[in-house]
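I opened this one to practise reading strands, cores and odd backbone spots. These are my notes, in the order I looked things up.

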Amino acid sequence: MSVSPAHPRRRAFLLVTAAAAAGAMTLTSCGSGGTSGGSGDTKFVTGTGGISTVAKGDRHAAPDLSGETVDGKQLDVADLKGKVVVLNVWGSWCAPCRAEAPYLAKVAKDVKAKGVEFVGINTRDTDKGPAVAFEKQFDAEYPSFYDPIGKLILRFPKGSLNPQAIPSTIVLDRNGKIAARALMALDDTKLHQMIDPLIAEK
């Protein structure tokens with residue numbers, strides 16, 4: 001019995017499709033960049049630098065973000081209302097997270113007096129040890145939630161600037177609404193690009 005020549009082609013197509021899907025998951029897990037343009041009712045715009053922003057009147061409220069930190073304390077982001085809040089999703093195992101960590105630590109210190117608070121969301125670390133070591137290595141003085149299976153990340157509403165990669169950085173305005181997002185590792189220049197307009201808002 002002869003084998004149809006369509007079968008090898010179909011098998012090759014399935015393999016390519018599977019490889020592409022696996023690649024997408026890898027980028028989502030620990031990507032070096034990403035963009036997502038606003039359309040329909042999302043109301044956000046992604047700039048050429050990969051930073052997405054939302055106009056003041058179109059912002060979604062941040063979800064409840066509360067729980068235990070890496071160092072075993074309790075934290076509730078709602079208590080920071082009235083401040084600009086920078087949320088950074090990271091993992092100790094993530095190379096881009098390690099690359100941006102010194103910039104996050106430096107900018108967090110530089111802008112604290114201007115009413116800006118940084119909060120990390122540590123994810124996919126199966127125990128706290130590596131996360132604690134990461135914070136010490138990079139002199140991160142701000143707290144981080146310990147969120148090993150991503151429960152806090154999944155609370156962000158659809159259609160908002162929700163975290164879709166590791167690392168992701170999301171900035172909340174003084175009213176606790178989601179104002180900006182980056183799906184890539186950041187340096188101090190890009191962090192200020194996200195934060196400074198919100199410091200200046202009245």
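**Entry 1: β8 and its neighbours.** I started with the pairing of β8 and β9, remembering that this is a predicted model. Strand β9 covers residues 178-182, runs antiparallel to β8 and is joined to it by 4 bridges. I looked up one pair here: T169 has A182 in β9 as its bridge partner. The two strands make a hairpin with 5 residues between them. In that turn I found G176, with a positive phi of about 75°.

Next I checked β5, residues 84-90. It pairs with β8 too, in the antiparallel sense, over 5 bridges. Here L87 has I170 of β8 as its bridge partner.

**Entry 2: How enclosed is β8?** Which residues of β8 are buried on each side? I noted S168, I170 and L172 on one side, and T169 and V171 on the other; all of these are buried, so both faces are covered. That makes 5 of 5 residues buried, so the strand is largely enclosed by the rest of the structure.

**Entry 3: The cores.** Then I went for the nonpolar residues. The general idea I kept in mind is that nonpolar side chains tend to be buried together in soluble globular proteins. The largest nonpolar core here has 28 residues. Those with the most contacts inside it are L65, V77, V85, L87, V119, F145 and L172. At least two residues of this core come from each of β5, α2 (95-111), β6, α3, β7 and β8. Strand β5 gives the most, with 4 residues.

Apart from this core lies another one, of 21 residues, and I spotted I51, V107, V171 and A180 among them.

I also listed what L172 touches, skipping residues up to four places away in sequence. The contacts include A62, V77, V85, L87, I178 and L198.

**Entry 4: N122.** I picked this residue in strand β6. Is it buried or exposed? N122 has 0% relative accessibility, so it counts as buried. Leaving out residues up to four places away in sequence, I found that N122 touches V70, W90, G91, S92, A131, F145, Y146, D147 and P148.

**Entry 5: Odd backbone spots.** Most residues other than glycine have a negative phi, and most peptide bonds are trans. I went looking for exceptions.

R124 is not a glycine, yet it has a positive phi of about 65°. I found R124 in the loop between β6 (116-122) and α3 (128-137). With a relative accessible area of 43%, R124 is partly exposed.

D139 is also not a glycine and has a positive phi, of about 55°. It sits in the loop between α3 and β7. D139 counts as partly exposed, because its relative accessibility is 40% and the partly exposed range runs from 20% to 50%.

Which peptide bond is cis? I noted the one from I166 to P167, with omega near 5°. P167 is in the loop between β7 (144-146) and β8 (168-172), so my last stop on the backbone took me back to the strand I started with.

**Entry 6: Cysteines.** How many disulfides does the structure hold? I wrote down 0. I still looked at two cysteines: C94 is buried at 0% relative accessible area, and C97 counts as buried at 2%.

Note on methods:
Residues are numbered from 1 along each chain as its sequence is written. This is a predicted model: local features need pLDDT of at least 70, side-chain atom pairs count only at pLDDT 80 or more; totals for chains, interfaces and linings use all residues. Side-chain values use heavy atoms; hydrogens and water are left out. Buried means under 20% relative accessible area, exposed over 50%, partly exposed in between (1.4 Å probe, protein chains only). Contact means heavy atoms within 4.5 Å. Two strands pair if DSSP finds at least two bridges between them. A nonpolar core is a set of buried Ala, Val, Leu, Ile, Met, Phe, Trp, Tyr and Cys residues joined through side-chain atoms within 4.5 Å. A disulfide is a pair of cysteine sulfur atoms within 2.5 Å.
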